[in-house]
Amino acid sequence: MKRFISALAALCLTISLVSTSVFAGLITENLPADYQINQNGFSISQPDSTPTITSSRTIFQDDSADIYWLIDTSGLESISFAMKLLGSDSNFALASLFIADQTLWSQTDIVTSLTSVTIDVSHIDFSVFDSNMLELRFMLEANNFSTPSVYVGRDTSSLQLRNIRLARTEVPEPSSIILFLLAMTLLIRRKFVK
């Protein structure tokens with residue numbers, strides 16, 4: 001019986017250590033399939049694959065549009081995406097990325113070629129929020145003019161997004177932790193039985 005308990009403890013310990021080291025790395029994942037959109041003067045096209053937020057030919061002070069996903073912030077290390085920001089020479093729109101109500105990134109300058117952006121969020125203490133599930137929101141809003149509206153014609157402002165990814169440090173799965181605790185319990189029990 002002692003040999004069986006020792007073998008079982010060794011097996012549980014080995015399996016838990018191997019599975020912990022396999023699952024404790026940095027993984028990259030896509031956004032969840034479910035999203036919400038808000039359109040207020042600007043419009044959103046292709047939200048399922050390559051979201052594009054576009055202004056109308058006349059931009060009013062309060063115009064905006066946003067697309068957001070509910071994401072799990074557990075172990076979240078960074079958010080990366082590729083983007084273009086198009087518009088007139090004096091681009092009348094501000095592109096932004098928020099998590100909850102915190103601004104992570106904003107851009108007003110025109111970017112005509114697809115550009116990669118990576119935002120490190122490892123320094124954010126997500127434990128201050130009531131839940132690990134928070135909104136990740138991309139927004140394009142009217143900006144940089146003082147009149148009630150501005151006519152831009154064909155030079156509409158447009159935020160084009162591609163390859164939005166979340167990188168996180170995955171914590172060991174619960175079964176690995178349970179196997180580790182079982183192995184430790186068996187080893188401690190074996191010491192006391194002697």
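In the predicted model, Glu29 is partly exposed, with a relative accessibility of 26%. The side chain of Glu29 meets that of Arg168 in a salt bridge, with an N to O distance of 2.9 Å. Glu29 belongs to strand S1 (residues 26-30) and Arg168 to strand S13 (residues 158-169), so the pair ties together parts of the chain that lie 139 residues apart in sequence. Arg168 has a relative accessibility of 4% and counts as buried, because the limit for this class is under 20%. The contact thus pairs a buried arginine with a partly exposed glutamate.

A further salt bridge is formed by Arg137 and Asp66, whose closest N and O atoms are 2.5 Å apart. This pair also links distant parts of the chain: Asp66 is in strand S6 (residues 64-72) and Arg137 in strand S11 (residues 133-142), with their positions 71 residues apart in sequence. Both partners count as buried, Asp66 at 5% relative accessibility and Arg137 at 16%.

Arg137 also meets the side chain of Glu135 in a salt bridge, at 2.3 Å from N to O. Glu135 has a relative accessible area of 29% and is partly exposed. Through salt bridges with shared partners, Asp66, Glu135 and Arg137 are joined into one network.

In total, the model contains three salt bridges. Such contacts are possible because side chains of opposite charge can pair when their charged atoms come close.

Note on methods:
Residues are numbered from 1 along each chain as its sequence is written. This is a predicted model: local features need pLDDT of at least 70, side-chain atom pairs count only at pLDDT 80 or more; totals for chains, interfaces and linings use all residues. Side-chain values use heavy atoms; hydrogens and water are left out. A salt bridge is a side-chain nitrogen of Lys or Arg within 4 Å of a carboxyl oxygen of Asp or Glu. Helices (H or I, at least four residues) and strands (E, at least two) are DSSP runs, numbered from the N terminus. Buried means under 20% relative accessible area, exposed over 50%, partly exposed in between (1.4 Å probe, protein chains only).
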